[in-house]
Amino acid sequence: MLTQTTIRVLEPADLGAALAVLESAPVENAFVTARVRVAGLDPWRLGGEMWGWYTEGRLTSLCYSGANLVPICATPEAVRAFAERARRIGRRCSSIVGPAGPTAELWRLLEPSWGPARDVRARQPLMVAEEPSVTVAPDPLVRRVRKDEMDVIMPACVAMFTEEVGVSPLAGDGGLLYQARVAELVGAGRSFARIDDGKVVFKAEIGAATRQACQIQGVWVAPEHRGRGLSETGMAAVLQYALADVAPVVSLYVNDYNTPARAAYRRVGFRETGAFMSVLF
């Protein structure tokens, strides 16, 4: 019997209730929803625990606790409960990421025991598009990366990750997990690039995908080609692919200080609908 307010680790039998919470905000929750749709709620398959917060016996908030700590549809009461549980078991994640409001409160409560963070990105605008660009023509040379082009795309992926996150994805395990993730996206047809003379000029991936929404990530233009509008024409191409083949709503989030990228995405047709926050360790 659940008390009026309860937190517990969800089990496979809770899948339906968890999906109902996740799909109440399909764009914000695309990353976690995609994982749960594939893996269910078994911690071994999911790569972490899903914590549930119950109010009056009804599941109302979630928190994914794995490589990332992600508050989902989290009320203030749920955030406090999630923070207490996270503080009690200790930090196991490499980042906290989620909608800016709940994530900021979660970090406020955890910082005394988990801090300092390597980097805090307090506001990362969430941008969405539901139609192909009407102002920017898609680059016809942007296409899906083939499985036999892993050796071509990997250096660009490593450069993007290192530039964005501040550490190399090759650290620790030599990049085995990161390479496997890139290979997974290539194999699924969700890695896109313009490759000129065997070198990546532009690239991006559709990282999370559900029936309702998908999320573009890893946007990168080779340094020697920047300033020529390739991020706009490339993104227009990826947006066209995503809407045609993946989901009716396409999203991304970007650091608020990256003014050129935000302007480029707006020109392509993305609009800001909210904000995320990331705490990196």
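Here's a quick look at a cavity and some salt bridges in this predicted model.

## Ground rules

Residues are counted from 1 along each chain as its sequence is written. Because the model is predicted, local features need pLDDT of at least 70 and side-chain atom pairs count only at pLDDT 80 or more, while totals for chains, interfaces and linings use all residues; side-chain values use heavy atoms, with hydrogens and water left out.

## Salt bridges

The structure has 21 salt bridges, each one a side-chain nitrogen of Lys or Arg within 4 Å of a carboxyl oxygen of Asp or Glu. Take Lys-203 and Glu-205: their side chains meet at 2.7 Å, N to O. Lys-203 is buried at 0% relative accessibility, and Glu-205 is buried too, at 5% (buried is under 20% relative accessible area, exposed over 50%, partly exposed in between, with a 1.4 Å probe and protein chains only). Elsewhere, Arg-143, Arg-146, Asp-148 and Glu-149 are joined into one network by salt bridges that share partners.

Asp-119 and Arg-121 pair up as well, at 2.9 Å, N to O. Here Asp-119 is partly exposed at 26%, whereas Arg-121 is buried at 9%.

Then there's Glu-184 with Arg-181, whose closest N and O atoms are 3.2 Å apart. Glu-184 is partly exposed, with a relative accessible area of 48%, and so is Arg-181, at 29%.

## Ser-113

What about Ser-113, buried or exposed? Neither: Ser-113 is partly exposed, at 42% relative accessible area. Its C-alpha atom is separated by 9.0 Å from that of Arg-91, 22 residues apart along the chain.
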